Amino acid sequence: MASEFKSKTGIVNAPVEMVYARLSNPENLRTLWDNVPADRIPADKLEQLKNVRITADSITLPGGPTGSVTLRLDHCEAPSLVRLKAADLPVSLIMELHLKEADSHTTEAQAVIVADIPMMLRPMVKGPLQQVADKVIELIAGIPFAD
């Protein structure tokens with residue numbers, strides 16, 4: 001049975017077309033991360049960030065109880081949707097980034113995670129998956145897209 005975890009709507013200070021263009025190509029994330037000052041990232045997270053592998057169509061995150069997790073670009077609809085699907089997990093997991101023009105200079109963004117989680121595991125993963133959805137939007141809202 002699929003469970004859905006929605007973030008709150010975040011406000012991004014950039015036009016929707018610009019936000020979509022940056023998020024629909026995972027390689028753009030590497031450039032953004034490389035420009036974040038090291039003192040703004042906790043030391044334990046900095047090492048994890050260095051181990052993230054990014055290609056034009058995927059992001060591989062290291063560690064965790066399941067080992068590395070690869071999110072592959074699955075589907076895009078300009079300028080409103082970027083969908084990433086987890087590869088090599090024992091359950092189906094999809095992250096969607098929904099984008100909507102608020103005005104010509106501002107975008108509303110929401111992350112939605114849909115996962116097929118067995119009933120027994122749902123209480124253990126519900127909180128962490130909701131936190132991931134919320135954190136993704138927090139990070140996206142903080143990206144200086146216009147730079």
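This is a short tour of a predicted model, stop by stop, with a selection to make at each one.

**Stop 1: the whole chain**

Start with the protein chain in cartoon view, where four helices and eight strands are assigned. Follow the ribbon along the sequence and you will pass the pattern β-β-α-α-α-β-β-β-β-β-β-α. Now switch on the surface: about 8,900 Å² of the protein chain is accessible, and carbon and sulfur atoms account for 56% of that. Of the 147 residues, 35% are buried. How much of the contact network comes from residues 24 or more positions apart? Among contacts with a separation of 6 or more, the share is 52%.

**Stop 2: helix α1 and Glu17**

Next, select residues 16-23, helix α1, and pick out Glu17 within that helix. Is Glu17 buried or exposed? Neither label fits: Glu17 counts as partly exposed because its relative accessibility is 48%. Add His105 to the selection and draw a C-alpha to C-alpha distance from Glu17; it should read 9.9 Å, although 88 residues separate the two in sequence.

**Stop 3: strands β3, β4 and β5**

Move on to residues 53-54 (strand β3) and 58-61 (strand β4), an antiparallel pair joined by two bridges. The link from β3 to β4 is a hairpin of three residues. Show side chains here and you will find Ile54 opposite Ile59 of β4.

Then add residues 69-77, strand β5, which pairs with β4 in the antiparallel sense over four bridges. Which residue of β5 is the bridge partner of Ile59? That is Leu71.

**Stop 4: the largest nonpolar core**

Now show Leu23, Leu97, Ile140 and Phe145 as spheres: in the largest nonpolar core, which has 28 residues, these four touch the most other members. Color α1, β5, β6 (81-87), β7 (93-103), β8 (106-116) and α4 (122-142) to see the elements that each give two or more residues to this core. Helix α4 supplies the largest share, with five residues. As a general background point, nonpolar side chains in soluble globular proteins tend to be buried together.

Zoom in on Leu97 and list its contacts, skipping neighbours within four places in sequence: Leu23, Ser80, Leu81, Val82, Gln110, Ala111, Val136 and Ile140.

**Stop 5: another core**

Finally, select Leu29, Val52, Ile54 and Ile59, which are among the five residues of another core, lying apart from the largest one. Two of these names will be familiar from Stop 3, where Ile54 stood opposite Ile59.

Definitions and conventions: Residues numbered from 1 in each chain as written. Predicted model: local features only at pLDDT ≥ 70, side-chain atom pairs only at ≥ 80, totals over all residues. Heavy atoms only, no water. Buried < 20%, exposed > 50% of the residue type's maximum accessible area, 1.4 Å probe, protein only. Contact = heavy atoms within 4.5 Å. Areas by Shrake-Rupley, 256 points an atom, 1.4 Å probe, with all protein chains shown as cover. Pairing = 2+ DSSP bridges. Core = buried A, V, L, I, M, F, W, Y, C linked by side-chain atoms within 4.5 Å.
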